[in-house]
Amino acid sequence: MIEVGALRALRSVAALGTLARAADELGFTASAVSQQIKRLERQVGVPVLAPAGRGVVLTPAGQAIVDSAPEVFQALERCAEAAQSVSEGAPRGILRVVAFSTAIRGLLAPTLPRLSTRCPDLRVHITEQDPDQALHSVDAGTADLALVHDADGLPAPLPPSLTQRHLHTDVGDVVMSRTHPLARLDGPLAGADLAGHAWVTSPPGSVCHQWFRRLFADVAEDPDVRHLIDDFATQLSLVASGNVIALIPRLARPPLGEGLVARPLRRQPKREVHAAWRRSANASPAIQAVLAECRDPH
């Protein structure tokens, strides 16, 4: 009989292309993953991988096994759900959650004290991952629940084995010192209001940098970017100096304190946050408990 661990190892190798990458994802050594694959080959009697440059590819037999794997994992998950339902559906055990950093700060972290009180037998383990990687982890079975955001209005492709639910709409505001000239303006800010001011912003390639560039789409002059900083807490420390302003998503924003103020924008940049999990885990009490607690923080 094929071992579940070996099947999961082959699926990860197929998705990631090398034994080393699969080992990193599964938390094993490359040698351990190789041994699992060899054991699988002995069990089925044919090779499942072939070398290809510095990586590996599936043989036709290996592809046939990987194509059948989702049904196996879904059946196992249904067995687990049936066992949990016998225990009155109480959330228990370990729930592995993967999410982008600001969702951890703004959505997940506030739920943990409530979950600890309401579900004392449930432990939530959180790992920071970008949306594409998070969806792959849930699809591969190395995580149970993912929190992901769309990229510039385009959602990450959802594997057919997963389902999702909208959790939150995150928007960006301009944060500045209370002594900054923009802090004295009433009402939402327009692009013309922002011209001529110095900025700290997220590096190119990030969603927040795309938001920032779009603010100046209708403004003739280029924005005055003084600093490129990925960490929002560091951005806020520079804003507190009074010399620059920043575009900060609300999920990423801690309480501003007395020295800073946030102003909304006339055309608010936004991103949609979804939770995704395997369809076979729809009835999971642990997943449903976390989703119920991930209510909007604002």
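## Briefing: a buried aspartate, an aromatic cluster and a helix pair

Asp170 counts as buried, because its relative accessibility is 0%, which falls under the 20% limit for that class. This is a predicted model, so please read every value below as computed from predicted coordinates. The points that follow start with Asp170, move on to the cluster of Trp199, Phe212 and Phe216, and end with the packing of helices H2 and H3.

**Around Asp170**

- You will find Asp170 in strand E6, which covers residues 162-177.
- The side chain of Asp170 comes to 3.3 Å from the backbone nitrogen of Arg250.
- Arg250 is also among the residues that Asp170 touches, along with Pro249 and Leu251.
- Leaving aside residues up to four places away in sequence, the other contacts of Asp170 are Trp211, Pro269, Lys270 and Arg271.

**The aromatic cluster**

- Searching the whole structure turns up three aromatic pairs.
- One of them joins Trp199 and Phe212, with ring centres 5.0 Å apart and planes at 65°, so this pair is edge-to-face; the angle needed for that label is over 60 degrees.
- Trp199 belongs to strand E7 (residues 198-201) and Phe212 to helix H9 (residues 207-215), so their pairing ties together parts 13 residues apart in sequence.
- Trp199 and Phe212 are both buried.
- Phe212 also pairs with Phe216: here the ring centres are 5.3 Å apart and the planes meet at 65°, so this pair is edge-to-face.
- Phe212 has a relative accessible area of 0% and is therefore buried.
- Phe216 is buried as well, because its relative accessible area is 7%.
- Put together, Trp199, Phe212 and Phe216 make up one aromatic cluster.

**Helices H2 and H3**

- Helix H2 (residues 19-26) packs with helix H3 (residues 30-44) at an angle of about 105°, and their axes are 8 Å apart.
- That angle makes H2 roughly perpendicular to H3, because this class runs from 65 to 115 degrees.
- On the H2 side, the residues that meet H3 are Leu19, Ala20, Ala23 and Leu26.
- On the H3 side, their partners are Ala30, Val33, Ser34 and Ile37.
- Sorted by class, the contact of H2 with H3 holds seven nonpolar residues, one polar residue and no charged residues.

Conventions
Residues numbered from 1 in each chain as written. Predicted model: local features only at pLDDT ≥ 70, side-chain atom pairs only at ≥ 80, totals over all residues. Heavy atoms only, no water. Axes fitted to C-alpha atoms, helices over the stretch in contact; angles between N-to-C directions. Helix = DSSP H or I, 4+ residues; strand = E, 2+ residues; numbered from the N terminus. Parallel < 35°, antiparallel > 145°, perpendicular 65-115°, else oblique. Contact = heavy atoms within 4.5 Å. Nonpolar A, V, L, I, M, F, W, Y, C, P; charged D, E, K, R; others polar. Phe/Tyr/Trp six-rings, centres within 6.5 Å; stacked < 30°, edge-to-face > 60°. Buried < 20%, exposed > 50% of the residue type's maximum accessible area, 1.4 Å probe, protein only. Polar contact = N/O pair within 3.5 Å; in protein donor to acceptor, adjacent residues only side chain to side chain.
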